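Let's take a walk through this one together, starting with its charged side chains and ending with how its parts fit against each other. Have a look at the model first.

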Amino acid sequence: MADYANPEVLVSTDWLRQNLKTPNVRVVEIDVDPKLYAAGHIPGAVGWDWTTQLNDQVKRDIISKEDFEKLNSEAGIKNTDTIIIYGDSSNWFAAFGFWLYKLYGHKDIRLLNGGRAKWLNEEGAPLTTEVPKFERSQYKVSSVDGSLRAKVSEVLAASEKKAPLVDVRSPDEFTGKIIAPPGMTETAQRGGHVPGATSIPWATAVTNENTFKSADELRAIYLDQKRLEPSKATIAYCRIGERSSHTWFVLKYLLGFKDVKNYDGSWTEYGNLIGVPIEKGG
Amino acid sequence: MDHSARVYDDITQMFPDEENPSPIVRLNRLVPEGSQLWAKLEWMNPFGSVKDRAAWAMVRDLERRGELGPRRPGRGIVEPTSGNTGLSLTAIAGMRGYPMLAVVPSKVPEEKKVLLQVLGAKVEVVPDALCPLPGSEDGTIGLAKTHAKASADRWVMPNQYANQQNVEAHLRTTGPEIWRQTQGKVTHVFTSLGTCGTVTGLSKFLKAKNPEVKVIAVQPSPGHDVPGIRNVSELDVSQLYDPKLVDEILEIDFELAYTVAAELARHEGLRAGPSSGLIFEGARRTARKTPVACGVMIFCDDVFKYASNMLKHVPGLVAEP
Ligand SMILES: Cc1ncc(COP(=O)(O)O)c(C=O)c1O
């Protein structure tokens with residue numbers, strides 16, 4: 001059985017249990033539902049609210065380099081730390097956090113395979129309501145890796161030249177039957193997808209335990225069935241950029257694609273633009 | 001216990017069992033000719049639904065095992081619930097002096113969220129699954145489990161999705177009640193699927209009595225908006241579901257849950273809730289195909305908790321006529 005292209009970016013729940021007290025290992029929780037952290041989290045984990053702490057509060061954008069430095073410094077995180085990220089919904093926003101850390105150049109960042117749900121269901125995996133206190137650090141972003149992020153102009157160019165675009169939303173969002181999953185506040189003026197995009201819902205990549213499928217299974221889906229090619233520049237998008245971070249992670253780190261970008265503007269940007277081409281139906 | 005005078009020292013004496021069954025009532029107007037369909041009126045239970053049975057069994061079991069009660073002072077109950085289990089647990093917890101935390105999905109009607117508070121629960125609302133997660137737990141289960149694990153001194157979680165007492169309750173009460181009420185003549189049982197305590201317990205009991213009894217489950221169409229019940233595609237959260245115990249699963253367009261509930265109220269005098277509407281529609285379709293000699297339908301709760309959903313789904317209703 002083949003292994004993932006970059007197996008070191010995933011840790012198992014067992015590994016984390018054994019390394020909770022290892023110096024320089026820090027744990028960060030990022031959930032779709034921020035109530036979860038307060039109710040209980042992995043001992044020592046800090047919890048971030050994606051709506052208020054990972055996004056700029058004035059313009060629509062990810063937090064700036066300065067705010068990212070501040071967030072990490074206040075949590076006492078050092079540039080040399082090994083950071084383990086986990087969260088609910090099979091690590092949707094944890095994957096978004098992972099992407100953000102990579103964008104801002106953190107060296108050693110890893111995802112907890114299976115996320116919060118797997119930890120929660122394991123016997124002897126501790127949870128606490130205690131919020132840890134850490135001495136302030138001096139976290140510095142020395143380089144920003146723009147090659148991980150697609151802007152809308154790149155998406156339009158990719159669509160035009162029929163370069164691979166992966167739409168990871170649900171089939172009904174892809175066809176334009178619905179604009180957003182029920183109850184979601186962020187939406188768009190128009191439904192459908194970027195012309196030429198391939199529909200591969202994000203959940204295709206995970207098992208019933210919320211862990212990632214094996215390298216062989218992932219290859220069978222993304223390469224054999226869906227005909228993506230690791231050597232081709234590929235862009236993933238969803239609605240607000242969190243589910244696509246999950247697929248971006250799969251393509252880049254588990255399958256070893258050379259050049260994958262996450263289009264974090266996603267459908268809530270694209271579906272609101274005037275004059276851009278939209279395809280509807282399957 | 002003498003139930004004939006209906007005089008009780010304590011409301012818990014009114015919980016249903018073979019001696020004090022919830023009523024079964026024959027439908028006379030909406031049933032295809034040649035069939036007999038009986039509704040088992042679970043809203044007649046003390047706290048208004050079928051879930052009184054599971055809640056009472058689970059709390060007593062926790063007390064017997066010392067997980068709740070004098071040996072665990074200050075400890076309360078946390079439970080993920082679409083409302084009915086929460087209402088039953090909250091009422092019982094209130095009488096016993098236990099704190100109660102109900103974790104409900106946002107889709108649950110406002111009426112239930114308010115009633116839970118009226119009965120004394122603290123309520124936490126979790127956004128509904130944003131897009132179907134494969135096999136992963138629904139948000140309410142995750143949050144309730146987190147409380148029970150991170151604050152075990154404060155909360156114990158009965159967990160109706162995995163607790164065998166939920167099945168036992170129906171083996172001990174609902175099954176024997178139906179057997180006795182129909183004098184062993186029951187041929188079909190129609191239920192819905194939520195935690196599946198009802199269908200599993202009932203099927204085990206009745207099939208042991210008579211393997212010919214048909215157990216038919218009625219499920220709402222995918223993407224439905226009917227609290228308390230699930231489409232089979234959503235069932236992996238329940239550890240109590242055993243497909244071998246179900247003879248047939250009928251899928252009904254979920255909007256009919258609401259319109260048929262109104263039909264039952266208007267023509268049969270039965271103030272049935274939406275899951276009962278769905279069950280009746282399934283039973284009626286079965287009876288149209290082949291006569292049902294003695295069918296019993298579990299009418300889980302009444303429509304009073306669903307006024308806001310009825311407004312949304314039943315044409316012609318207006319909030320301010
Ligand atoms: C209104 C309603 N109908 C049906 C059911 C299903 O019963 P069970 O959980 O035993 O499958 C429930 C249970 O949650 C309910 O609240």
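Is R239(A) buried or exposed? In this predicted model, R239(A) counts as buried, because its relative accessibility is just 3% and the cut-off for buried is under 20%. Its salt-bridge partner is E242(A), with the closest N and O atoms 3.9 Å apart. E242(A) is buried too, at 1% relative accessibility. And the pair has company: E173(A), E186(A) and R243(A) join R239(A) and E242(A) in a network of salt bridges.

A quick word on the chemistry: side chains of opposite charge can pair when their charged atoms come close. Over all chains, the structure holds 44 salt bridges.

Now try one that reaches across the sequence. K261(A) and E154(A) meet through their side chains in a salt bridge, 3.6 Å from N to O. This pair ties together distant parts of the chain, since K261(A) sits in strand β9 (residues 260–263) and E154(A) in helix α7, 107 residues apart. The two ends sit in unlike surroundings: K261(A) counts as buried at 14% relative accessibility, whereas E154(A), at 29%, counts as partly exposed.

Next, zoom out to the domains. Chain A is divided into domain 1 (7–145) and domain 2 (149–270), and their centres, taken over C-alpha atoms, are 23 Å apart. Where they meet, 22 residues of domain 1 are in contact with 23 residues of domain 2. The area buried between them is about 2,000 Å², with carbon and sulfur atoms giving 66% of it.

How many salt bridges cross that interface? The rule finds 1 between domain 1 and domain 2 of chain A. R149(A) forms a salt bridge with D61(A), and the closest N and O atoms are 2.7 Å apart. D61(A) lies in the loop between α3 (50–53) and α4 (65–74), while R149(A) lies in the loop between α6 (115–120) and α7 (152–160), 88 residues away. R149(A) counts as buried at 16% relative accessibility, and D61(A) as partly exposed at 23%.

There are also 7 residue pairs in polar contact between the two domains, counting pairs with both residues at pLDDT 80 or more. On the domain 1 side, the elements giving two or more residues to the interface are α5 (92–103) and α6. The largest share comes from α5(A), with 8 residues. By type, this side of domain 1 divides into 13 nonpolar, 5 polar and 4 charged residues.

Notes
Residues numbered from 1 in each chain as written. Chains lettered and ligands numbered in written order. Predicted model: local features only at pLDDT ≥ 70, side-chain atom pairs only at ≥ 80, totals over all residues. Heavy atoms only, no water. Salt bridge = Lys/Arg side-chain N within 4 Å of Asp/Glu carboxyl O. Helix = DSSP H or I, 4+ residues; strand = E, 2+ residues; numbered from the N terminus. Buried < 20%, exposed > 50% of the residue type's maximum accessible area, 1.4 Å probe, protein only. Domains from an automatic or database assignment. Contact = heavy atoms within 4.5 Å. Buried area = accessible area lost by both parts, 1.4 Å probe. Polar contact = N/O pair within 3.5 Å; in protein donor to acceptor, adjacent residues only side chain to side chain. Nonpolar A, V, L, I, M, F, W, Y, C, P; charged D, E, K, R; others polar.
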